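Dear colleague,

Please find below the structure that I am handing over to you, together with its sequence. My notes on what was found in it follow directly afterwards, and I would be grateful if you would read them with the structure open.

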Amino acid sequence: MNTPAPRLLLALAFVLCTSAVSAQDIKVVYHVNSGVETAAAMLNNISNHLAADPSARIVVVTHGPGIDFMLENAKDSKGREFSGQVSALAARGVRFEVCNNTLVSRQLSASNLLMEAKVVPSGVAEVARLQAREGYVYLKP
């Protein structure tokens with residue numbers, strides 16, 4: 001006997017799962033491990049991302065040369081400081097995380113960082129944690 005009940009249940013399950021996913025905010029981790037030459041474009045990408053999806057939850061995780069734009073007085077190739085754009089994005093809810101391993105290996109103090117920076121033990125471990133435990137989507141600008 002061919003009944004439509006299994007198909008209806010499957011369709012209902014699909015609708016429920018789809019609506020549950022779309023009801024959640026999109027969570028994105030931007031992984032930055034290259035120097036200031038790419039930071040301006042990455043910050044612009046995040047601005048564009050938030051313009052398209054204001055509810056997106058964004059975390060920028062930096063390590064290695066990727067922390068350079070988070071240092072006080074860091075400037076892009078046109079001589080503009082990154083602090084204003086970082087501050088504006090932080091005001092929109094973007095979190096900026098800096099790898100402590102990088103700070104230690106480069107003998108830098110957290111006091112050299114922009115005030116929006118949060119130091120995490122390991123940048124790569126933080127990227128993995130956000131993906132595996134918190135469901136963040138990975139973007140590498």
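**Salt bridges**

Arg-95 has a relative accessibility of 33% and therefore counts as partly exposed. Its side chain meets that of Glu-97 in a salt bridge, with 3.0 Å from N to O. Glu-97, by contrast, is buried, with a relative accessible area of 1%. Please bear in mind throughout that this is a predicted model.

How many salt bridges does a search of the whole structure find? The number is five. One of them joins Asp-68 to Arg-106, whose closest N and O atoms are 2.7 Å apart. This pair links distant parts of the chain, since Asp-68 belongs to the loop between S2 and H3 and Arg-106 to the loop between H4 and S4, 38 residues apart. Asp-68 is partly exposed at 21% relative accessibility, and Arg-106 is likewise partly exposed, at 36%.

A further salt bridge is formed by Arg-80 and Asp-76, with 2.8 Å between the closest N and O atoms. Is each partner buried or partly exposed? Arg-80, at 48% relative accessibility, counts as partly exposed. Asp-76 counts as buried, because its relative accessibility of 11% falls under the 20% limit for that class. Finally, Glu-126, Arg-129 and Glu-134 are connected to one another in a network of salt bridges.

**The sheet**

Five strands make up an open sheet, arranged in the order S4-S3-S2-S1-S5 with parallel pairing. S4 and strand S5 (137–139) are at the edges; each has a single partner strand, so one side of each lacks a neighbour in the sheet. From one strand to the next, the twist averages 30 degrees.

Within the sheet, S1 and S2 pair in the parallel sense over six bridges. Here Val-29 has Val-59, in S2, as its bridge partner. S2 and S3 also pair in the parallel sense, over four bridges. In this second pairing, Val-61 is matched with Glu-97 of S3, the residue that also takes part in the salt bridge with Arg-95.

S1 is mostly covered, five of its six residues being buried. H2 lies across S1, S2, S3 and S5, and it runs at about 170 degrees to S1.

**The nonpolar cores**

In soluble globular proteins, nonpolar side chains tend to be buried together. The largest nonpolar core of this model contains 26 residues. Which residues have the most contacts inside it? They are Ile-46, Ile-58, Val-60, Phe-69, Met-70 and Phe-96. At least two residues of this core come from each of strand S1 (27–32), helix H2 (36–52), strand S2 (57–62), helix H3 (83–91) and strand S3 (95–99). H2 makes the greatest contribution, with five residues.

Ile-46 gives a more detailed view of the packing. When its neighbours within four places in sequence are left aside, Ile-46 is in contact with Tyr-30, Ile-58, Val-60, Leu-89 and Val-94. Apart from the largest core lies another, of six residues, which include Val-29, Val-127, Leu-130 and Tyr-136. Val-29 is thus a member of this other core as well as the bridge partner of Val-59.

**Two polar side chains**

Thr-102 is located in helix H4 (residues 100–105). It is buried, with a relative accessible area of 7%. What does the side chain of Thr-102 reach? It reaches the backbone nitrogen of Gly-64, at 2.9 Å. Leaving aside neighbours within four places in sequence, Thr-102 is in contact with His-63, Gly-64 and Ile-67.

Ser-109 is found in the loop between H4 and strand S4 (117–120). Its relative accessible area of 36% makes this serine partly exposed, whereas Thr-102 is buried. The side chains of Ser-109 and Ser-111 are joined by a polar contact of 2.9 Å.

With kind regards

Conventions:
Residues numbered from 1 in each chain as written. Predicted model: local features only at pLDDT ≥ 70, side-chain atom pairs only at ≥ 80, totals over all residues. Heavy atoms only, no water. Core = buried A, V, L, I, M, F, W, Y, C linked by side-chain atoms within 4.5 Å. Buried < 20%, exposed > 50% of the residue type's maximum accessible area, 1.4 Å probe, protein only. Contact = heavy atoms within 4.5 Å. Polar contact = N/O pair within 3.5 Å; in protein donor to acceptor, adjacent residues only side chain to side chain. Salt bridge = Lys/Arg side-chain N within 4 Å of Asp/Glu carboxyl O. Pairing = 2+ DSSP bridges. Axes fitted to C-alpha atoms, helices over the stretch in contact; angles between N-to-C directions.
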